2 protein chains.
Amino acid sequence: MTAPQTHFAPEGVGIVHRQYLTWTEALPLESGATLSPVTLAFETYGELNPARSNAILLLHALSGDAHAAGRHSPNDRKPGWWDAMVGPGRPFDTDRYFVICSNVIGGCQGSTGPSSRNPYTGRPFGARFPVITIGDMVRAQTRLIDALGITRLLAVAGGSMGGFQALEWATAYPERVGGSILLATSARSSPQTIAWNSIGRRAIMSDPRWRGGDYYGSEPPCDGLAVARMIGHVTYLSEPSLETKFGRRLQRGDEFAFSLEQEFAVESYLEYQGESFNTRFDANSYLYITKAMDYWDLPARYGSLDAAMARVQGPTLLLSFSSDWLYPTGESRAIADALARQGRPVEHLDLPSGAGHDAFLIDVDLQRPIITEFLDDLARDLV
Amino acid sequence: MTAPQTHFAPEGVGIVHRQYLTWTEALPLESGATLSPVTLAFETYGELNPARSNAILLLHALSGDAHAAGRHSPNDRKPGWWDAMVGPGRPFDTDRYFVICSNVIGGCQGSTGPSSRNPYTGRPFGARFPVITIGDMVRAQTRLIDALGITRLLAVAGGSMGGFQALEWATAYPERVGGSILLATSARSSPQTIAWNSIGRRAIMSDPRWRGGDYYGSEPPCDGLAVARMIGHVTYLSEPSLETKFGRRLQRGDEFAFSLEQEFAVESYLEYQGESFNTRFDANSYLYITKAMDYWDLPARYGSLDAAMARVQGPTLLLSFSSDWLYPTGESRAIADALARQGRPVEHLDLPSGAGHDAFLIDVDLQRPIITEFLDDLARDLV
């Protein structure tokens, strides 16, 4: 569904480097625990203007990381996860904006998480890492934004769990957010989302190689993480997209094998997703990040969704996708309606897409003009 | 949503006994293999009339068995899986009809399956049991119907995988089927259904206690089967029903535990479902039965859905349920449309229900008058 992108500055942001910010001042967590030291891995694209007013913070989803755009090396097979949206002439236009993306705490791509060294033991935290929340992730990000000398972000933007973080920014730090772009997201995790996440955690924690979380240095719980990822993948796609991509096609030949092995193309696809996820993701991070997602409940925090939305200061753009059944249109509409009731400027578009929840990453052509225009409006007064 | 059932002959069918039919003549399977000896566990309710014309065959779903109605002992906590529908004065009226239900081959409730003794080795088949199909299940059932001296069934009826078998009966043995009642079912397994089943099998087969299927006599793969069942359960419910039943309620107290353990009520419910399933179901049977479901593709067998439906002789009643996203309304509508194009008598009703796929087992009050009337019409000429 994605058109060729060669008309958008094919070079994109080019070669980028991962950066790190580490601080020793304790980060207080919602659980009451604290974390110290804390490292955030981050990347930036474009240049901060002298007024420090052109910064946009991108927030990543469950399996994402700080690498939103460009390549770390010319040999990289794929660019960052939102490369199609970030670069010269792209919606997050690096000729105009200073774009930042950091790996969440609890993650496994450079930020402090369960695979990090516990300073008290000298060994990886494992399951002794404190349980974190979306609020904790964002509180850590405020330190990064402070360190970059930025008082107020022009915008925050994210899809799925990235949208949770963007909403957290807009409600917990409204004076620091010029505007919010929320894609395929929700103000709370539904019981169905909790169910899928919980089953994934169950699969990981019952893999004997999980060893109570202390598998570092030995074989990790690959089977559990694969099953968790496979469940996730089905929820990211729509039934029509599975029909179109795979239907009932067999992976090899056209006759049933009459064995218990995987043989449909959709099974091979899921198996590949499960296995490749194991090469880049830490099972404990999957546990902690999905737990943070399950805790996400903005209406409960402020008493109601309306009370939460009353805190938002800048304009909000919400994009949902018609075939997304994990974070269906109604979840975005509820946020938009609450913002409107509170007199806040809000635009909600439900985009026609067959790609399911993944549409926010895939159907970039649908989003480009809308996000470009929203940012143009926000940036009108930039000096 | 189910009203009290006391106005329907509260005693139901009373105490019932499981019966067995065993034969040694080889049962040919679609794979080319054969199975011998074969045992079918079955139950019957009501009396076969002298003309042998009042028999109705009930077909069970993935986790069902031959125990459709009544209790095996006065102390049984629960009656059979469709007790609300079977008995004196109930839709499958045992004062009028002779109702039969058998456990499918591949199953684990008395019929020949992977936990049965392999006559060549004297040990349980395990993963050496031949892979079976819905057609094989039904071919075995024809032997039971033959043995009961029944040439033609007044009706076949089943939901979900039971509907697959009813469709198989109506197309492979149309002259033996007076009419078909198909609930929450489909003419083929969709790639999404295959995906869920496959992930469940992946969880079972990667549980180290599965041991290639040879776990009988040792600890079974409880964690794998629990995860498979938990996935299944989410697909059987609807998002609205999860909101109503559980919402974001915590199982204990009203504060987050900030631990990795299960704490939401929906998690406890799923865990309970996974654990209790382990007390009554064999993991290998789960592998074989879900594989048979994945192979289910009636249009492929006959060239098209229309060609398949052209084979049906008696009238067909289709019931779908508005919130069922596993076998959504469109799947029933496709069958109904094909039957109508072929000039076959067909009635399709989409019943309003929030119970998801499970509605066919739960929302019996919606189904009672419709099924009663359909059977009345079929039985009009009974002597």
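A residue counts here as buried if 20 or more other C-beta atoms lie within 10 Å of its own, and this tour of a predicted model begins with a strand to which that cut-off applies.

Select strand S6 of chain A, residues 98-102, which is mostly covered, five of its five residues being buried. Colouring the two faces separately shows A:Phe98, A:Ile100 and A:Ser102 on one side, with A:Val99 and A:Cys101 on the other, and both of these faces are covered.

Next, add the strands that pair with S6(A). Strand S4 of chain A, residues 38-45, runs antiparallel to S6(A) and is joined to it by four bridges; within this pairing, A:Phe42 has A:Ser102 as its bridge partner. Strand S5 of chain A, residues 55-59, is likewise joined to S6(A) by four bridges, but here the strands run parallel, and A:Leu57 stands opposite A:Ile100.

Now select A:Ile56 and B:Ile56, the residues with the most contacts inside the largest nonpolar core, which has 247 residues. Around B:Ile56, leaving aside residues up to four places away in sequence, the residues touched are B:Phe92, B:Tyr97, B:Val99, B:Leu153, B:Leu154, B:Ala155 and B:Ala157.

Finally, turn to the contact between the chains, to which chain A and chain B each bring 42 residues. On the side of chain A that touches chain B, the elements giving two or more residues are helices H3 (191-205), H4 (222-236), H5 (239-245), H6 (265-278) and H7 (283-295) of chain A, and H3(A) gives the most, with ten residues. Colouring this side of chain A by residue class separates 23 nonpolar residues from eight polar and eleven charged ones.

Note on methods:
Residues numbered from 1 in each chain as written. Chains lettered and ligands numbered in written order. Predicted model: local features only at pLDDT ≥ 70, side-chain atom pairs only at ≥ 80, totals over all residues. Core = buried A, V, L, I, M, F, W, Y, C linked by C-beta atoms within 7 Å. Buried ≥ 20, exposed ≤ 12 C-beta atoms within 10 Å, placed from the backbone. Contact = placed C-beta atoms within 7 Å. Nonpolar A, V, L, I, M, F, W, Y, C, P; charged D, E, K, R; others polar. Pairing = 2+ DSSP bridges.
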